[in-house]
Amino acid sequence: MWQNQNQNRADLFGSSSSSNQNSTYNREQQTALLYEQQNDLRMEELSSKVSALNRITIDIQNEVHGQHAILDQNSNSFSEFGTSFATTVKKLDVMVSQKLGKSMCWMVSAIVILFFIVYFILTRMNST
């Protein structure tokens, strides 16, 4: 009779050993599903970070190209300035080599020095 009752229970509720196997199988499936969801979440996070790095890299590349263009323009400007300055120095040399040119250089130098002295005196007076 005792075995009969156990058999009836097993028939009604299912066998305890198969029940344990099913619950273990269900837990494993749930764990695997949870891991898969976490993997998907991490993949999305990684993808967004890679996209952000890609945008930053493109911005840096654009900035570098812009800076190269500015450097090229500055190089051209300095080159033109050098040519202009060399021409001016040659003309000044010609002027100084003449007798009238020497006196003109001294007069221009004296005016420039006088201008700086007056400027210095006026700024000192205004600051006090």
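**Figure 1. The whole chain, with few buried residues.** Just 2% of the 128 residues in this chain are buried. What you're looking at is a predicted model, built from three helices and zero strands. Follow the sequence and you get the pattern α-α-α. The accessible surface adds up to about 12100 Å², and carbon and sulfur atoms account for 61% of that area.

**Figure 2. How confidence varies along the chain.** The chain has a mean pLDDT of 83, with 82% of its residues at 70 or more. Helix α1 (residues 2–13) is where confidence is lowest, with a mean of 58. At the other end of the scale sits α2, where confidence is highest, at a mean of 88. Where pLDDT is low, don't read the predicted coordinates in detail.

**Figure 3. R42 and E45 in helix α2 form a salt bridge.** Searching the whole structure turns up one salt bridge. Its partners are R42 and E45, and their closest N and O atoms are 3.9 Å apart. That falls within the 4 Å cut-off, so the pair counts as a salt bridge. Both residues belong to helix α2, and because they are three residues apart, about one helical turn separates them. As for accessibility, R42 comes out as exposed, at 51% relative accessibility, while E45 is partly exposed, at 34%. In general, side chains of opposite charge can pair when their charged atoms come close.

**Figure 4. F81 and F85, a stacked pair in helix α2.** The structure holds two aromatic pairs, and this view shows the one made by F81 and F85. Their rings are 5.9 Å apart, centre to centre, with 20 degrees between the planes. Planes under 30 degrees apart count as stacked, so that is the label for this pair. The two residues are four apart in helix α2 (residues 16–97), which means about one helical turn lies between them. F81 has a relative accessibility of 53% and counts as exposed.

**Figure 5. F115 and F116, an edge-to-face pair.** Here the ring centres of F115 and F116 are 5.7 Å apart, and the planes sit at 70 degrees. An angle over 60 degrees counts as edge-to-face, so this pair gets that name. F115 is exposed, with 54% relative accessibility. Both phenylalanines also belong to the surface patch in the next view.

**Figure 6. A nonpolar patch on the surface.** Eight side chains are worth picking out here: M104, M107, V108, I111, V112, F115, F116 and Y119. Together they form a nonpolar patch with about 830 Å² of accessible area. One of these residues, I111, is found in helix α3 (residues 99–127). I111 counts as exposed because its relative accessibility, 52%, is over the 50% cut-off.

**Figure 7. The span annotated as a transmembrane region.** An unreviewed UniProt entry carries the annotation "transmembrane region" for residues 104–122. In the model, that span is 100% helix and 0% strand. From end to end, its C-alpha atoms lie 27 Å apart.

Terms used. Residues are numbered from 1 along each chain as its sequence is written. This is a predicted model: local features need pLDDT of at least 70, side-chain atom pairs count only at pLDDT 80 or more; totals for chains, interfaces and linings use all residues. Side-chain values use heavy atoms; hydrogens and water are left out. Rings of Phe, Tyr and Trp (its six-membered ring) pair if their centres lie within 6.5 Å; planes under 30 degrees apart count as stacked, over 60 as edge-to-face and the rest as tilted. Buried means under 20% relative accessible area, exposed over 50%, partly exposed in between (1.4 Å probe, protein chains only). pLDDT is the predictor's confidence in each residue, from 0 to 100. UniProt positions are given in the numbering used here, feature names are shortened, and annotations may be inferred rather than shown by experiment. Accessible areas come from the Shrake-Rupley method with a 1.4 Å probe; for residues, only the protein chains shown count as cover. Patches are made of residues with over 30% relative accessible area and no salt bridge: like charges are joined within 9 Å, nonpolar side chains (Val, Leu, Ile, Met, Phe, Trp, Tyr) within 5 Å.
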